[in-house]
Amino acid sequence: MANSLRGEVLNLYKNLLFLGREYPQGADYFRSRLKAAFLKNKDVKDPEKIKQLIARGEFVIKELEALYFLRKYRAMKQRYYSDDNQ
């Protein structure tokens with residue numbers, strides 16, 4: 001059981017690290033905050049607590065994806081629609 005959760009945690013870390021490359025405040029800022037968050041919870045042994053933390057991390061992934069999609073949408077909107085139409 002612990003090995004499967006370990007794999008999930010590592011996969012979550014890799015996915016967050018990948019998504020952090022485009023973070024608005026910079027990849028280094030995101031990487032340091034991500035590392036601190038994972039180190040803060042490194043001693044958690046309860047499988048239920050680990051599952052809760054994984055769910056929280058997956059929520060953060062969804063929020064980051066939404067942030068990036070919104071940024072791309074705004075950029076496209078600025079390209080194709082002028083401000084005088086509003």
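**Exercise 1.** Which residues does I61 touch, not counting residues up to four places away in sequence?

*Solution.* The model is predicted. Start with the position: I61 lies in helix α3. Next, list the partners. Beyond its close sequence neighbours, I61 touches L12, N15, L16 and L19. Now take one partner, N15. Along the chain, I61 and N15 are 46 residues apart. Their C-alpha atoms are separated by 7.8 Å.

**Exercise 2.** Decide whether I61 and V44 are buried or partly exposed.

*Solution.* Set the cut-offs. Buried means under 20% relative accessible area, and exposed means over 50%. Partly exposed falls in between. Take I61: its relative accessibility is 13%. That value is under 20%, so I61 counts as buried. Now take V44: its relative accessible area is 24%. That value falls between the two cut-offs, so V44 is partly exposed.

**Exercise 3.** Place V44 in the chain and list its contacts, leaving aside neighbours within four places in sequence.

*Solution.* First, the place: V44 sits in the loop between α2 and α3. Then the contacts: V44 meets K49, I50 and L53.

**Exercise 4.** Find the residues that make up the largest nonpolar core, and the elements that give two or more of them.

*Solution.* Count the members: the core has 8 residues in all. They are L12, L16, L19, F30, L34, I61, L64 and Y68. Then assign the elements. Two or more residues come from each of α1 (2–19), α2 (27–40) and α3 (47–80).

**Exercise 5.** Describe the largest pocket: its volume, its lining and the elements behind that lining.

*Solution.* Begin with the space, about 1,000 Å³. The lining holds 30 residues, and L12, L34, A37, F38 and N41 are the closest to the pocket's centre. Elements giving two or more residues to this lining are α1, α2 and α3. The largest share, 9 residues, comes from α2. Sort the lining by class: 21 residues are nonpolar, 2 are polar and 7 are charged. L12 takes part in the largest nonpolar core as well.

**Exercise 6.** Which residues does UniProt list for "domain: Complex 1 LYR protein", and how much of that span is helix?

*Solution.* Read the record first. The unreviewed UniProt entry lists residues 8–61 under that name. Then check the model. This span is 76% helix and 0% strand. Last, take its two ends: the end C-alpha atoms lie 14 Å apart.

Definitions and conventions:
Residues numbered from 1 in each chain as written. Predicted model: local features only at pLDDT ≥ 70, side-chain atom pairs only at ≥ 80, totals over all residues. Heavy atoms only, no water. Core = buried A, V, L, I, M, F, W, Y, C linked by side-chain atoms within 4.5 Å. Buried < 20%, exposed > 50% of the residue type's maximum accessible area, 1.4 Å probe, protein only. Contact = heavy atoms within 4.5 Å. UniProt positions renumbered as here; feature names shortened; annotations may be inferred. 1 Å grid on protein atoms, 1.4 Å probe; cavity = no way out; pocket = protein on both sides within 12 Å on 5 of 7 lines; lining within 4 Å. Points joined across faces, edges and corners; volume = space filled by probe spheres on them. Nonpolar A, V, L, I, M, F, W, Y, C, P; charged D, E, K, R; others polar.
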